[in-house]
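User: Please take a close look at one part of this model, the interface between two of its domains. What does each side contribute, and what kinds of contact are found there?

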Amino acid sequence: MIFNGQTLTKRSFYHFVSSVLPVFYQIAVSNYFKPFSTLHAGLEADSDLAFLFAKISPGSSEDEVFLSLQSNPACETIRLTHKLVGNLLHCFKDDWKSALGAFRWAESHPGYTPLPEFYDEVVDILGKMKKMDRMCTFLDEMCHNQQTVTLSTIAKVMRRFAGAGKWKEAVRIFDELGKYGIEKNTESMNLLLDTLCKSNRTLQAREIFLELKSHIPPNPNTFNIFIHGWCKANSVDEALWTIQEMKGYGFHPCVISYSTIIRSYCNQSNFPKVYELLDEMNAEGCEPNAVTFTTIISSLTKLERFEEALEVRERMRSVGCKPDTLFYNALIYTLGRSGKLKEAVRVLKVEMLTHGVKPNTSTYNSLIAMFCHHRQEADALECLREMESSPNCEPDAQTYYPLLKLCFINGKTDDLLPELMDEMVNRHHLSLDLSAYSLLIHGLCRSNKCEWAYRVFEEMIAKEITPRYQTCKVLLEEIKQKNMFDVADRVEEFMKKMK
């Protein structure tokens with residue numbers, strides 16, 4: 001690619017990003033860019049993205065960001081595309097000032113008109129960062145500038161208000177829909193009700209519905225929203241009453257209606273009611289689907305009621321319901337937990353193949369986790385290799401967690417552990433998260449490899465991943481026993497900052 005008259009390779013482009021951008025923006029860019037082995041020919045255009053990042057200083061106000069881009073002659077030569085603007089907003093999703101300033105600049109750029117969804121994205125960023133006044137001001141500016149405010153825009157505003165505990169503000173936005181050129185109808189009412197129910201305000205949603213129903217007719221989705229809301233509030237009786245109310249309006253409860261209540265009964269471990277409701281569904285001519293049965297088998301497995309869980313497959317067959325990938329994943333996990341590993345493998349290699357159901361990453365992850373649970377290292381690694389050769393999925397971080405743990409259990413920290421970590425980082429380009437780093441530090445400390453554990457600790461800090469206090473404490477105790485006093489001082493200093 002060409003940047004500032006110089007030819008940059010993919011790797012030198014990455015080094016350019018790393019050298020010119022502040023740490024915060026390096027992280028933002030790294031969250032967006034894929035590893036070099038997966039980059040496509042379109043990478044050349046992303047040099048514009050890196051250039052724009054280099055012109056934005058951390059901590060700048062939205063006006064400062066706007067002016068720094070507008071006053072730079074080189075920025076005028078950049079050809080703005082929807083992809084570039086979308087990437088800018090994505091990278092600044094946690095920095096509302098930079099996001100808003102950059103968007104203002106893009107909006108003012110000659111010959112470029114942002115997509116409507118970009119306005120929605122800005123609204124969402126402001127709401128996410130709890131800048132509610134600024135979010136409402138931006139919404140008003142959209143109206144003043146004759147930008148279309150859609151129900152999708154309003155949905156983001158309502159949900160951000162509700163998420164911030166300001167549910168009354170969400171209701172106010174609904175009351176003012178006419179101001180934004182949006183009609184108060186069944187769809188917009190359902191949006192408000194759903195927002196409130198998902199924010200644990202089902203009682204308030206019910207009161208509002210009673211006020212609105214005389215001039216805004218409900219539809220089946222209205223009642224499904226309440227069924228979900230009551231179940232979330234652990235008020236199953238209210239959800240059942242809503243089923244009857246739904247029938248009173250001439251609507252037939254659907255599989256979603258019943259499955260939501262079944263999930264609630266599963267959470268209560270009330271399986272007699274689960275089976276009773278399944279019978280009611282059959283009597284109503286409403287056939288349960290794969291999601292319904294996946295909920296049941298997963299809940300029974302969680303309680304270690306394995307035999308009862310496996311009977312769910314037979315019940316599923318009896319009503320002619322076809323399993324999907326998620327059900328098979330749950331079934332494989334159940335078989336593995338119950339020690340029936342050969343049957344679990346047969347489900348993957350025979351039954352899923354016979355029924356034309358493709359495995360996904362979670363399918364293999366379940367098997368790998370089960371092999372590791374039973375300390376069958378060779379089978380777990382063989383499953384990993386099969387997964388890597390599968391055209392439909394590839395390993396993720398969850399794939400490697402049980403394998404890494406097994407290395408510590410089997411004492412394979414000198415050979416298998418480095419090999420697996422190399423695969424994660426260099427072959428599959430996976431990033432370690434807090435859980436992975438914690439697992440490594442604790443495992444290495446128990447394996448008497450505290451020097452390595454400390455290097456992992458330093459890597460965490462460099463990536464701005466804050467370790468848990470207990471992890472620091474375990475590491476500190478180990479390095480003190482090794483008389484690594486300089487290192488111990490650094491860990492103690494970090495722990496003081498955490499407090």
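Analyst: Buried area is the accessible area, taken with a 1.4 Å probe, that two parts lose on being put together, summed over both. The model examined here is a predicted one. Its chain is divided into domain 1 (218–287), domain 2 (289–358) and domain 3 (449–498), and the interface in question is that of domain 1 and domain 2.

By the definition above, domain 1 and domain 2 bury about 1,100 Å² between them, and carbon and sulfur atoms account for 62% of that area. On the side of domain 1, three residues stand out: Phe271, Tyr275 and Leu278 supply 43% of the area that this domain buries against domain 2, more than any other three residues. The contact involves 13 residues of domain 1 and 13 residues of domain 2, while the C-alpha centres of the two domains lie 24 Å apart.

As to polar interactions, zero salt bridges are found across the interface of domain 1 and domain 2. Two residue pairs are in polar contact between these domains, counted with both residues at pLDDT 80 or more.

In terms of secondary structure, α16 (255–267) and α17 (271–283) each supply at least two residues of the side of domain 1 that touches domain 2. The largest share of that side, six residues, comes from α17. By residue class, the side of domain 1 that touches domain 2 consists of seven nonpolar, three polar and three charged residues. Charged residues are thus present on this side of domain 1, although the salt-bridge count across the interface is zero.

How values were computed:
Residues are numbered from 1 along each chain as its sequence is written. This is a predicted model: local features need pLDDT of at least 70, side-chain atom pairs count only at pLDDT 80 or more; totals for chains, interfaces and linings use all residues. Side-chain values use heavy atoms; hydrogens and water are left out. Domain bounds come from an automatic or database domain assignment. Contact means heavy atoms within 4.5 Å. A salt bridge is a side-chain nitrogen of Lys or Arg within 4 Å of a carboxyl oxygen of Asp or Glu. A polar contact is a pair of N or O atoms within 3.5 Å; within protein, one must be able to donate a hydrogen and the other to accept it, and residues adjacent in sequence count only if both atoms are side-chain atoms. Helices (H or I, at least four residues) and strands (E, at least two) are DSSP runs, numbered from the N terminus. Ala, Val, Leu, Ile, Met, Phe, Trp, Tyr, Cys and Pro count as nonpolar, Asp, Glu, Lys and Arg as charged, and the others, Gly among them, as polar.
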